[in-house]
Amino acid sequence: SVTDKLSVAGDVIQRRIIIATGTNNGVSIVPTSYNKCYVYAKNIDTSITLTLGADNDSTADWMTLAPGEFAFFPWDGSVELFANANSSTTAVLEYMLFEATA
């Protein structure tokens with residue numbers, strides 16, 4: 001059955017981070033010490049595309065967020081999640097983590 005409720009067991013973390021000029025080696029947004037969680041991520045930038053991936057190397061990116069796009073997805077927590085910006089200017093990512101109940 002489908003429900004519109006989200007049960008969280010622990011922390012809810014809300015952050016807005018700036019990915020520095022030319023940072024293409026990634027910024028960690030979900031460490032491996034965090035349990036299974038749900039991730040909301042939004043690219044606040046108006047001209048830079050951001051990528052998310054399970055590695056701090058942009059060759060392992062698995063999701064692209066165009067300017068203004070957002071995503072909401074479950075994350076295992078046993079793998080670190082990184083945000084990458086292959087750009088010559090700073091980019092802004094807003095995200096929230098909801099620790100799942102199991």
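These legends describe close-up views of a predicted model.

**View 1. The whole chain is built from strands.**
The protein chain has 8 strands and 0 helices. Read along the sequence, its pattern is β-β-β-β-β-β-β-β. Of the 102 residues in the chain, 38% are buried. Take the contacts between residues at least 6 apart in sequence: 78% of them join residues at least 24 apart. The views below go through the two sheets described here, then through selected side chains.

**View 2. One open sheet runs in the order E1-E8-E3-E6.**
This sheet has 4 strands, and their pairing is antiparallel. Which strands stand at its edges? They are strand E1 (8-19) and E6. Each has a single partner strand, so one side of each is left without a neighbour in the sheet. Neighbouring strands are turned by 15 degrees against each other on average, direction ignored.

**View 3. Strands E1 and E8 pair over 9 bridges.**
Strand E8 covers residues 91-100 and pairs with E1 in the antiparallel sense. Strands of a sheet pair through backbone hydrogen bonds, either parallel or antiparallel. To locate the pairing, start at Val-12: its bridge partner in E8 is Phe-98. Phe-98 appears again in View 7, as a member of an aromatic cluster with Tyr-38 and Phe-72.

**View 4. A salt bridge links Glu-94 and Arg-16.**
The count for this model is 1 salt bridge. The closest N and O atoms of Glu-94 and Arg-16 are 3.0 Å apart. Side chains of opposite charge can pair when their charged atoms come close. Glu-94 lies in strand E8 and Arg-16 in strand E1, so the pair ties together parts that are 78 residues apart in sequence. Is each partner buried or exposed? Glu-94 has a relative accessible area of 18%, under the 20% limit, so Glu-94 counts as buried. Arg-16 is at 53% relative accessibility, over the 50% limit, and therefore counts as exposed.

**View 5. Asp-45 is buried without a salt bridge.**
Asp-45 sits in the loop between E3 and E4. Where is the nearest side chain of opposite charge? It belongs to Arg-16, 10 Å away. A salt bridge needs the nitrogen within 4 Å of the carboxyl oxygen, so the 10 Å between Asp-45 and Arg-16 does not qualify. Arg-16 does form a salt bridge with Glu-94, as in View 4. What does Asp-45 touch, leaving aside its neighbours within four places in sequence? Asp-45 is in contact with Pro-67, Gly-68, Thr-90, Ala-91 and Val-92.

**View 6. Another open sheet runs in the order E2-E7-E4-E5.**
Here too 4 strands form the sheet, with antiparallel pairing. Strand E2 (27-30) and strand E5 (61-65) are the edge strands, and each pairs on one side only. The twist averages 30 degrees from one strand to the next. Inside the sheet, strand E4 (residues 50-53) runs antiparallel to strand E7 (residues 81-84), and 3 bridges join them. Follow Leu-52 across to E7: its bridge partner there is Ala-83.

**View 7. Tyr-38 and Phe-72 stack.**
The model has 6 aromatic pairs. In this one, the rings are 6.1 Å centre to centre, with 10 degrees between the planes. Tyr-38 lies in strand E3 (residues 37-43) and Phe-72 in strand E6 (residues 70-75), so the pair ties together parts that are 34 residues apart in sequence. Tyr-38 is partly exposed, at 22% relative accessibility. Phe-72 is partly exposed as well, with a relative accessible area of 46%. Together with Phe-98, Tyr-38 and Phe-72 form one aromatic cluster.

**View 8. Trp-62 and Trp-75 form a stacked pair.**
How do these two rings meet? Their centres are 5.5 Å apart and their planes stand at 10 degrees, so the pair is stacked. Trp-62 is in strand E5 and Trp-75 in strand E6, 13 residues apart, and the pair links distant parts of the chain. E5 is an edge strand of the sheet E2-E7-E4-E5, while E6 is an edge strand of the sheet E1-E8-E3-E6. Is each Trp buried or partly exposed? Trp-62 is partly exposed at 40% relative accessibility. Trp-75 is at 11%, which is under the 20% limit, so Trp-75 counts as buried.

Note on methods
Residues numbered from 1 in each chain as written. Predicted model: local features only at pLDDT ≥ 70, side-chain atom pairs only at ≥ 80, totals over all residues. Heavy atoms only, no water. Pairing = 2+ DSSP bridges. Axes fitted to C-alpha atoms, helices over the stretch in contact; angles between N-to-C directions. Phe/Tyr/Trp six-rings, centres within 6.5 Å; stacked < 30°, edge-to-face > 60°. Buried < 20%, exposed > 50% of the residue type's maximum accessible area, 1.4 Å probe, protein only. Lys, Arg positive; Asp, Glu negative; His and termini not counted. Contact = heavy atoms within 4.5 Å.
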